[in-house]
Amino acid sequence: MRFASKYERPLFLCNPSLAARAEKAGMDYLLLDRDPRWGDLLPKRRFRRFELSQPRQARFDYDAVFCDPPFANVALADLRRVVDLLAATPDQAAAPLWLAYPGDREEAVLEAFDGYTLERKPPALGYRSVKEKTQQRIFLYGPKFSSSRRENVAQPGDDS
């Protein structure tokens with residue numbers, strides 16, 4: 001949430017825990033997730049049912065994407081296609097991507113998302129519903145300092 005709160009309109013892809021926190025904080029966001037229960041828990045304008053296997057345009061003017069995909073159920077190449085499909089405008093294409101993924105797959109993550117200038121942001125992420133041993137393997141990958149999908153685009157907090 002520390003990173004998400006730096007943006008005005010984050011898109012949460014398969015990331016309902018961040019959406020719930022964003023709702024409490026009064027943020028402008030959109031959650032795309034397959035679990036229809038979020039439709040009862042979040043305002044209608046904040047949730048859309050979304051299947052990674054059948055992606056479609058989100059029609060939400062986001063300024064960052066936060067993704068916590070089901071690691072075992074979606075290939076990185078397919079996830080890349082989904083993220084690229086969601087970027088329908090030049091501003092969306094330039095929006096930073098933040099991706100939670102196991103660190104032992106880091107090389108594959110960086111290869112699959114070549115052009116997004118991602119780097120690992122330690123420490124490991126904490127999850128309430130994931131075994132401790134597994135938690136120690138999952139990291140947040142985000143834009144390198146002063147980078148987004150397009151080189152030389154300032155990030156929140158940059159003074160350049």
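Two rings of Phe, Tyr or Trp, the last by its six-membered ring, are taken as a pair if their centres lie within 6.5 Å. With that rule in hand, and bearing in mind that the model on screen is a predicted one, begin by selecting Phe3, Tyr7, Phe12, Tyr29, Phe66 and Trp98, which ring pairs link into a cluster. By this rule the structure holds seven aromatic pairs.

Within the cluster, keep Phe12 and Tyr29 on display: their ring centres are 5.9 Å apart and their planes stand at 45 degrees, so the pair is classed as tilted. Colouring by secondary structure places Phe12 in strand S1 (residues 10-13) and Tyr29 in the loop between helix H1 (16-24) and strand S2 (30-33), so the contact ties together parts that are 17 residues apart in sequence. Both ends of this contact are buried, since Phe12 has a relative accessible area of 0% and Tyr29 likewise comes to 0%.

For another ring geometry, move to Phe113 and Tyr116, an edge-to-face pair with 5.5 Å from centre to centre and 85 degrees between the planes. Phe113 and Tyr116 are both buried.

Now return to Tyr29 and add Arg46, which lies over the face of that ring at 5.3 Å from its centre. What does the side chain of Arg46 meet in a salt bridge? The partner is Asp28, with a distance of 2.6 Å from N to O. Arg46 sits in the loop between helix H2 (38-41) and strand S3 (47-49), while Asp28 belongs to the loop between H1 and S2, so this bridge joins parts that are 18 residues apart in sequence. Arg46 is buried at a relative accessible area of 10%, whereas Asp28, at 24%, counts as partly exposed. Adding Arg9 to the selection completes a network of salt bridges that links Arg9, Asp28 and Arg46.

The whole structure contains 10 salt bridges, and two others deserve a stop. Select Arg37 and Asp35, whose side chains meet at 2.5 Å, N to O; here Arg37 is exposed, with 58% relative accessibility, but Asp35 is buried, with 18%. Then select Lys121 and Glu119, which form a salt bridge at 2.8 Å, N to O; in this case Lys121 is buried, at 16%, and Glu119 is partly exposed, at 29%.

End the tour at Arg120 and Phe139, where the arginine lies over the face of the Phe139 ring, at 4.0 Å from the ring centre.

How values were computed: Residues numbered from 1 in each chain as written. Predicted model: local features only at pLDDT ≥ 70, side-chain atom pairs only at ≥ 80, totals over all residues. Heavy atoms only, no water. Phe/Tyr/Trp six-rings, centres within 6.5 Å; stacked < 30°, edge-to-face > 60°. Helix = DSSP H or I, 4+ residues; strand = E, 2+ residues; numbered from the N terminus. Buried < 20%, exposed > 50% of the residue type's maximum accessible area, 1.4 Å probe, protein only. Lys NZ or Arg CZ within 6 Å of the ring centre and 35° of its normal. Salt bridge = Lys/Arg side-chain N within 4 Å of Asp/Glu carboxyl O.
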